[in-house]
Amino acid sequence: MVRAVHFTLPALFVTCSLFAEEANNIEQITVEVSATANKEPVGTFDAPVSNLEYDPRVDLQSRNMAEAQADVTIRGGIFENTGFRVGSSTLFDPQSGHYFAEIPIAPQMLAGPAVLTGADNALYGMNSSVGTVSFGWRPITSTGSASLGVGSNSFNLQSIHAAHSQKLESMPDWRLGFEGEYSHSKSDGSIKNGDHDFERASARIQLASDTSQTDLMFGKQAKFFGWPNLYTPFNFNETEDLETTLVMLNHKHLYGASNTFEVTGYYRKHNDHYVLSRENPAIFEAFHETTVKSLGLSGRHALNTAYAINYSGQFIADSIESTSLENNFTSRNYTKLSVLPEYTTALATDKQLTVRAGVAFDNTNRDSSDTSFIADASLKVVNQNGSEHTWYASYAEATQVPGYTAIGGSETGGLFRSNYNLERETTDNLELGLLIEEQTWRLDSAIFYRKDKNLTDWTYRFDATSARFANPVDIDTLGVEFLANKSFDTTELIASYTYLEKSEDYGAADIDASFYALNYPDHRVTLGAVWQPMDVLELRIDNEWRKQHSNRLRRSSDEAFFTQLTLKFTPAQLENVFITLAADNIWDESFEEVPGTPGRGEQYTLSATYSW
């Protein structure tokens, strides 16, 4: 029996294969590799979005820093095209996709992230037409840690995490686990008026066996942060004060040889207090409160060794209270059902063909419904030395509806101009890819062509008093991706290259610039490394170079080079203690990730962690 390549760096879940020569079959196993070297941020405590900053599969466009306000885009989409999924449910905010990444869950509780695109996003995503960042719940093990940190810009951090798991005396096949976490960070900011004060508390209870896992989680976080030109190009020192509460119940069950289902329900409440000018709040401030209730179900049921059914369904009910919207559109219900039948056959003892074809149905109580077609095929070849080559092709349709800020505000005035004529957005994605897995290296490559129709973008006119206008646009996107991992005895290397090209049609001549849909890199290169020359020392480095598409709002250069560096020292004299020196943006790059919004500055931190 020969195992396929296994990289040990965490963060990205991939499906590899196990070739059993005796049985002439191919069995699926799951291993983990990484798309970035660093796992934690420099300027605050870890969050579910932290490991995405240098991830080549996504483009994270931050204001202040990723953990402050993160617009996560995938394959040249915009922030509202990307969903965040935990278990079987997509976390959602009806006001704006700017708040999708407000997830008050300690990353220690989560497995992933997995980036879903194409057919997988069409199957599992909800109101996210381009991609989904998906997390699962980790089994609880008895562990814990406490950290203290200081740094430049008056930075300070405190964090504690503890978990305990034990077998039940009355039911020895079952385990009961408890986990809790509290984190806080504060600083004056890497640029003037870029201060922050973050706090998060989360806890969960878990009941698990070898085939079942049930998690009940409660999380709450409060975030205050400021940034010049946070959302507008009018040279104000803007602030946001956010509070997010999340209660989630998740149950996952394995049955039969390869069957699984997972059901997830959650309640989310998000409060936002936005101030245009911190020096004079009376100029403009807005309060929003959104609530979301959701129930999701997904799974896979094998009818026999050749046929299986993949399925997913989700229902969301939301509402909003706002001081800045027109209050003529304050609630909506969403339903999505997806079915993707699967056929698998062995073409030879070392070749496996898998074909999937199905549909997804999307509906709301306020918009027209839509049915989308999903199909893909993959050919996997497993060599006697354990290496694998997988060719795949997919065609996937997906759809979504715009958020309340785009359709529920004023059409005639205000900072953010809405558009009542916005329609359901549709996406057609055609993709070809090749995955190569060898004993010590892995290459993931893809070429895709995507057509977005009626995509809701936020645009700008230089002669306007409004900061942004919601406008529909048809965009064709061509992309090429390469992501490679290579392992040595003491070193892991991660490298990537991404190319994007767009052709857009707004159907209007009074648009001078685009904040989002045309804010993308023509070329992007990342290079990361993890080097452990000795047991007590570990070095992690991530680098990113990009050539951004020209944008009339951007005042910085279109080229940028970022570096994040972490040095971890584990002294032999101090048991269970390690010290971390970290630096981000060490070249003091001033690149505007969002056009018109200043980029982040340098940040250096020193922290000590005790683990048990």
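Good morning. I begin with S387, which touches V381, V382, E437, E438 and Q439, leaving out residues up to four places away in sequence. The model in front of you is a predicted one, and every value I quote is computed from it. S387 sits in the loop between β21 (370-382) and β22 (388-400). Is this serine buried or exposed? S387 is buried, because its relative accessible area is 2%, and the cut-off for that term is under 20%. Its side chain also takes part in polar contacts. One, of 2.7 Å, is with the side chain of N383, and another, also given as 2.7 Å, joins the side chains of S387 and N385.

Let me turn to a second polar residue, Q564, in strand β31 (residues 559-569). Q564 counts as buried because its relative accessible area is 6%. Setting aside residues up to four places away in sequence, Q564 touches N38, E40, P41, V42, Y54, R540, I541, D542, A583 and D584. One of these partners, E40, has its backbone oxygen 3.0 Å from a polar atom of the Q564 side chain. As for distance along the chain, W587 is 23 residues from Q564, and the two C-alpha atoms are separated by 9.8 Å.

D584, which I have just named as a partner of Q564, leads us to the cavities. How many cavities of 30 Å³ or more does a search of the whole structure find? The search gives 11. The largest holds about 240 Å³ of space. It is lined by 19 residues, and those closest to its centre are G43, M65, D584, R600 and Q603. By class, its lining consists of four nonpolar, 11 polar and four charged residues.

The second largest cavity has a volume of about 120 Å³. Its lining is made up of 15 residues, of which A47, E67, E102, Q221 and K223 are the closest to the centre. Two elements, β13 (196-208) and β14 (212-228), each give two or more residues to this lining. Of the elements, β13 contributes the most, with three residues. The lining of this second cavity divides into nine nonpolar residues, one polar and five charged.

Next, the nonpolar cores. As a general background, nonpolar side chains in soluble globular proteins tend to be buried together. In this model the largest nonpolar core has 61 residues, and F84 and I105 are the members that touch the most others. Strand β25 (residues 441-460) gives the most to this core, with four residues. Which residues are in contact with I105, once its neighbours within four places in sequence are left aside? They are P48, V86, L110, W137, R200, S202, M217 and L246. There is also a second, separate core, of 16 residues, with M65, Y99, F198 and L276 among them. M65 therefore appears twice in this talk: it belongs to the second core, and it is one of the residues closest to the centre of the largest cavity.

I now come to the backbone. Most residues other than glycine have a negative phi, and most peptide bonds are trans. The following cases depart from that. The peptide bond from G112 to P113 is cis, with omega near 10 degrees, and P113 is placed in strand β8 (residues 110-117). R75 has a positive phi, near 55 degrees. R75 lies in the loop between β5 (69-74) and β6 (82-86), and it is buried, with a relative accessible area of 9%. N193 also has a positive phi, near 60 degrees, and its place is in the loop between β12 (175-187) and β13. Is N193 buried or partly exposed? N193 is partly exposed, because its relative accessible area is 21%, and a residue has to be under 20% to count as buried.

My last residue is T426, in strand β24 (residues 425-437). T426 is partly exposed, with a relative accessible area of 23%. Not counting residues up to four places away in sequence, T426 touches D370, A398, T399, K451, D452 and K453. How far apart are T426 and N237 in sequence and in space? They are 189 residues apart in sequence and 36 Å apart in space, taken from C-alpha to C-alpha.

Thank you for your attention.

How values were computed
Residues numbered from 1 in each chain as written. Predicted model: local features only at pLDDT ≥ 70, side-chain atom pairs only at ≥ 80, totals over all residues. Heavy atoms only, no water. 1 Å grid on protein atoms, 1.4 Å probe; cavity = no way out; pocket = protein on both sides within 12 Å on 5 of 7 lines; lining within 4 Å. Points joined across faces, edges and corners; volume = space filled by probe spheres on them. Nonpolar A, V, L, I, M, F, W, Y, C, P; charged D, E, K, R; others polar. Core = buried A, V, L, I, M, F, W, Y, C linked by side-chain atoms within 4.5 Å. Buried < 20%, exposed > 50% of the residue type's maximum accessible area, 1.4 Å probe, protein only. Contact = heavy atoms within 4.5 Å. Polar contact = N/O pair within 3.5 Å; in protein donor to acceptor, adjacent residues only side chain to side chain.
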